[in-house]
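Please walk through this protein and its ligand, from one loop residue to the sheet, the ligand site and the confidence scores.

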Amino acid sequence: EITVPELDAAAVASFQQHLVQSNRIVAVIGAGLSAASGLATFRGTGGRWAKHDVFMVASPAGWRRDPGLVWQFYAERRRESLRASPNPAHHALAALAKHKPGFVALSQNVDGLLQRAGMVPGSGPGNEDKQLKLLHGNLFDLVCEDSTGCGYVEENKVEEPICEVLSEEAVKKRALGQNVMGMDVEDKPPKASALLFEAIAAKNKKILGGDKFTETAPTATDGAPLRELGEDAKAKMPDTAPVLHSGIEKSELPTCPKCKVHLLRPRVVWFGETLPVDIVAEVDALFEEDKIDLCLVIGTSSQVWPTAGFCERARACGAKVAWVNTRAEDLKSLRDGDWVFLGDAGVVLPEILG
Ligand code: BJW
């Protein structure tokens, strides 16, 4: 339950006065925008990274190690996003885009909800006027894993399930039968699951380079069973033997229909991967402009780069900054004179954008 504090009427009025006069407006968007649609954010209690090991499901090394585990994570995300609906914040931003041709939304979200609210995504030559720039891709675009080779892309494949082994029923069956890492195992007390996760995460971080994440080829110890963990960690383990692999064979996952050799993967940006080059070029051009009037930073913890630096780049172009977030601690580059609207974006944005 999110408590929504009363918005300061004077702050709203001064923000709206500036908004009316603003032409070039940039919104830097994160997972908090979709929280009111029922989609989990990444960090903090209840976030996705509390249940899934980020290095296992959102890095190229994790993909090489167990593409089935990665696909399972994204298949669930696709389902959740399809079942969710855009909330009033998505609609308020889509309305702003209609009203202000100079508005650009730079979104880290891959859930498709801004598109479903009516915002048009696009990047690259000829698409500069498309107002939604998807920095981390889109759950519903699939691409050949061999990006430098065949280059196959399939846009907006909302088909569900993407293949039999990733159907909701198959995923549930495996989770109950095997205690697959990263799944909600319903027959376990939450505390045991948390301890299990903690131990697996520590082990995986060691395998994949930990906080100082570096791209490395899988090693012989990759996916080594938990019995190799220290005695302390083992003592905390629940009785059921956990497995570090999804148990899904590559042959069961979707194959690229063009090269017929490599797997298809979701076109999202993982840690250690670069953002799409055409998007980076457009963002750079945007921040080379003399004047940006307003920067809205909405529902992001500002921990992930390069997006974490966008607010300061907008400031350097003269932008005044407004923050919309439930957590004051996450306003990473807050300065005197910024507007701060603490609360659920789904409530705050429609109110301040009018
Ligand atoms: C609400 C709310 C409500 C809740 N209303 N608000 C410079 C310095 C240090 C490191 C780097 C650097 N440059 C690059 C790096 C490496 C790395 C990085 O940033 N690491 C840091 C973590 C240290 N970056 C990369 O690797 C990026 N690539 C890159 O830069 O390429 C060049 C390069 C490579 C390597 C080295 C150097 C250069 C790629 C980043 C890809 C991120 N991918 C993910 C997953 C894939 C997509 C997916 O599955 O969805 O993207 S990680 C995850 O984090 C996801 C998100 O888009 C992203 C951002 O998270 P977000 O949206 O901020 O969510 P949360 O959960 O963190 O925050 C939610 C916020 O909402 C909170 O503030 C809440 O309070 C708030 N909230 N409810 C309003 N109702």
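**A loop residue and its surroundings**

Ser123 sits in the loop that runs between α6 (113–116) and β3 (132–134). The model is a predicted one, and what follows describes the coordinates as predicted. Leaving aside residues up to four places away in sequence, Ser123 touches Lys133, Asp278, Ile279 and Glu282. With Asp278 there is also a polar contact: the two side chains, of Ser123 and Asp278, are joined at 3.2 Å.

**The sheet**

Next comes the pairing of strands. Strands of a sheet pair through backbone hydrogen bonds, in either a parallel or an antiparallel sense. Here, an open sheet of 3 strands follows the order β5-β4-β6, and its pairing is antiparallel. The edges are formed by β5 (153–154) and β6 (264–268), each of which pairs on one side only. Strand β4 covers residues 137–144 and pairs with β6 in the antiparallel sense over 5 bridges. Within this part of the sheet, Val143 has Arg265 of β6 as its bridge partner.

**The ligand site**

Which residues are closest to the ligand? Arg43, Glu273, Ser301, Asn325 and Asp330 are the closest of the 35 residues that surround the ligand. By residue class, the shell divides into 15 nonpolar, 14 polar and 6 charged residues.

Both side-chain and backbone atoms of the protein come up in the polar pairs with the ligand. Arg43 places a polar side-chain atom 2.7 Å from an oxygen atom of the ligand. For Trp305, a polar backbone atom is 2.7 Å from an oxygen atom of the ligand. Ala345 has a backbone N or O atom 2.9 Å from a nitrogen atom of the ligand. On its own the ligand has 1,500 Å² of accessible area, and the protein covers 77% of this.

**Confidence**

How far does the predictor trust its own model? For the complex, the predictor gives an ipTM of 0.97 and a pTM of 0.86. The average pLDDT of the chain is 84, with 79% of the residues scoring at least 70. Two stretches score under 50. Residues 179–194 stay under 50 in pLDDT, and the model has 34 contacts for them beyond four places in sequence. Over residues 207–243 the pLDDT is likewise below 50, and this stretch has 60 contacts in the model beyond near neighbours in sequence.

Note on methods: Residues are numbered from 1 along each chain as its sequence is written. This is a predicted model: local features need pLDDT of at least 70, side-chain atom pairs count only at pLDDT 80 or more; totals for chains, interfaces and linings use all residues. Side-chain values use heavy atoms; hydrogens and water are left out. pLDDT is the predictor's confidence in each residue, from 0 to 100. Contact means heavy atoms within 4.5 Å. A residue is near a molecule or strand if one of its heavy atoms lies within 4 Å of it. A polar contact is a pair of N or O atoms within 3.5 Å; within protein, one must be able to donate a hydrogen and the other to accept it, and residues adjacent in sequence count only if both atoms are side-chain atoms. Accessible areas come from the Shrake-Rupley method with a 1.4 Å probe; for residues, only the protein chains shown count as cover. Ala, Val, Leu, Ile, Met, Phe, Trp, Tyr, Cys and Pro count as nonpolar, Asp, Glu, Lys and Arg as charged, and the others, Gly among them, as polar. Helices (H or I, at least four residues) and strands (E, at least two) are DSSP runs, numbered from the N terminus. Two strands pair if DSSP finds at least two bridges between them.
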